[in-house]
Amino acid sequence: MGNTGHRGRGNVAAVTTPDWVLLDELFTRVLHTEDDAMRAARDSAEAEGMPPIEVSAQHAKLLSLLVSIAGARRVLEIGTLAGYSTIALARAVGADGAVVSLEYEAAHADLARRNLERAEVADRVEVIVGAALDTLPTLQQRGDTFDLVFIDADKENNVAYVQWAITLGRPGTVIVVDNIARNGRVLDPEPADRQAQAIRDMLDMMGAHPRLDTAAIQTVGAKNWDGFAVAVVR
Ligand code: SAH
Ligand code: DHB
Ligand code: MG
């Protein structure tokens, strides 16, 4: 495992590693994209046997930049895992900002909290354990609103999560959704591929929604062919 790329992919024999994976490793190395705390968070997830599905280093940095560009101070994340993307979001909101991250698995949330402590951003992050559809209403009840929402959990609920992001947002709130390509499976989903179908349904919903302005950006890199949807609430 190298310290420059995405765990689980970088050390595959060069003949089978797509050039875009290698190029992502170069970008991460020459741009110094990951700090020690983020590398440690990624490695900790692997050590605890969690799936290697955190965003790539470059995508984490893009999330940070979107937070900065939007001037977002309050960020909501749906899907914490080990807190890799959470650290990137928390660094970008700054010391006076706040991140709320929703996670179903208590073990993931526990590891994320430890990683957030190590990254020295735990004071600005609240990790809430539970199914997001159960915990989102509590955010509404307590009057929370968000400037940027990052959706990266169970894809089957993505339509509902985008609706919640609008509900908890305001005109100008940025919505980012991970995994809009899934190696192309979203193009013509197999009937059994509920996740790819759910992403298709979400894109249809976003395109039809009168309050959303949306782009779907395909990317290649450490996580192969995937991408972000980026939307602004009107
Ligand atoms: N955003 C993270 C990766 C998240 S992986 C990163 O880039 O670092 C997806 C996470 O969503 C997993 O930890 C999974 O347990 C969580 N999840 C799955 N279903 C969920 C649900 N219904 N509510 C909240 N979290 C859920
Ligand atoms: C999976 C989920 C993700 O959020 C991701 O970025 C990659 C893969 C998955 O469930 O396979
Ligand atoms: Mg994802």
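**Exercise 1. Polar contacts of ligand 1**

Determine which side chains of this predicted model place a polar atom close enough to a nitrogen atom of ligand 1 to form a polar contact, for which N or O atoms must lie within 3.5 Å.

*Solution.*
Step 1. Begin with Y161: a polar atom of its side chain lies 3.4 Å from a nitrogen atom of ligand 1, and the cut-off is 3.5 Å.
Step 2. Turn to D152, where an N or O atom of the side chain is 2.9 Å from a nitrogen atom of ligand 1.
Step 3. Consider S85, which has a polar side-chain atom 2.8 Å from a nitrogen atom of the ligand.
Step 4. Relate these contacts to burial. Ligand 1 taken alone exposes 580 Å², and the protein buries 90% of that.

**Exercise 2. The surroundings of ligand 1**

Describe the shell of residues around ligand 1 by its nearest members, its classes and the elements that supply it.

*Solution.*
Step 1. The shell holds 22 residues, and those that come nearest are V55, G79, S85, E103 and H108.
Step 2. Sorted by class, the shell has 11 nonpolar, five polar and six charged residues.
Step 3. At least two residues of the shell come from helix 4, and at least two from strand 2.

**Exercise 3. Ligand 2 and its contacts**

Identify the residues around ligand 2, and state which side chains lie at a given distance from one of its oxygen atoms.

*Solution.*
Step 1. The residues that surround ligand 2 are I53, D152, K155, D178, N179, R182, Q195 and K223.
Step 2. By class, this shell comprises one nonpolar, two polar and five charged residues.
Step 3. Examine the distances. In the side chain of K223, an N or O atom is 2.5 Å from an oxygen atom of ligand 2. For N179, the distance from a polar side-chain atom to a ligand oxygen is 2.6 Å. For K155, the corresponding value is 3.0 Å.
Step 4. Assess burial: of the 290 Å² that ligand 2 exposes when taken alone, the protein buries 73%.

**Exercise 4. The pocket that holds the ligands**

In which pocket does ligand 1 sit, and in which does ligand 2 sit? Describe the lining of the largest pocket.

*Solution.*
Step 1. Ligand 1 sits in the largest pocket, and ligand 2 sits in the largest pocket as well.
Step 2. This pocket has a volume of about 680 Å³.
Step 3. Its lining consists of 38 residues, with I53, D152, A153, D154 and K155 nearest the centre.
Step 4. Helix 4 (84-93), strand 2 (98-103) and helix 6 (132-141) each contribute at least two residues to the lining.
Step 5. The lining divides into 16 nonpolar, 11 polar and 11 charged residues.

**Exercise 5. Cavities**

How many cavities of 30 Å³ or more does the structure hold, and which residues lie closest to the centre of the largest cavity?

*Solution.*
Step 1. There are two cavities of 30 Å³ or more.
Step 2. The volume of the largest cavity is about 90 Å³.
Step 3. It is lined by 14 residues, and S56, H59, T219, K223 and D226 are the closest to its centre.
Step 4. By class, the lining has three nonpolar, seven polar and four charged residues.
Step 5. Note the role of K223 in two lists: K223 is among the residues surrounding ligand 2, and K223 also lines the largest cavity.

Technical notes. Residues numbered from 1 in each chain as written. Chains lettered and ligands numbered in written order. Predicted model: local features only at pLDDT ≥ 70, side-chain atom pairs only at ≥ 80, totals over all residues. Heavy atoms only, no water. 1 Å grid on protein atoms, 1.4 Å probe; cavity = no way out; pocket = protein on both sides within 12 Å on 5 of 7 lines; lining within 4 Å. Points joined across faces, edges and corners; volume = space filled by probe spheres on them. Helix = DSSP H or I, 4+ residues; strand = E, 2+ residues; numbered from the N terminus. Nonpolar A, V, L, I, M, F, W, Y, C, P; charged D, E, K, R; others polar. Near = heavy atom within 4 Å. Polar contact = N/O pair within 3.5 Å; in protein donor to acceptor, adjacent residues only side chain to side chain. Areas by Shrake-Rupley, 256 points an atom, 1.4 Å probe, with all protein chains shown as cover. Sits in = over half its atoms within 2 Å of the grid points.
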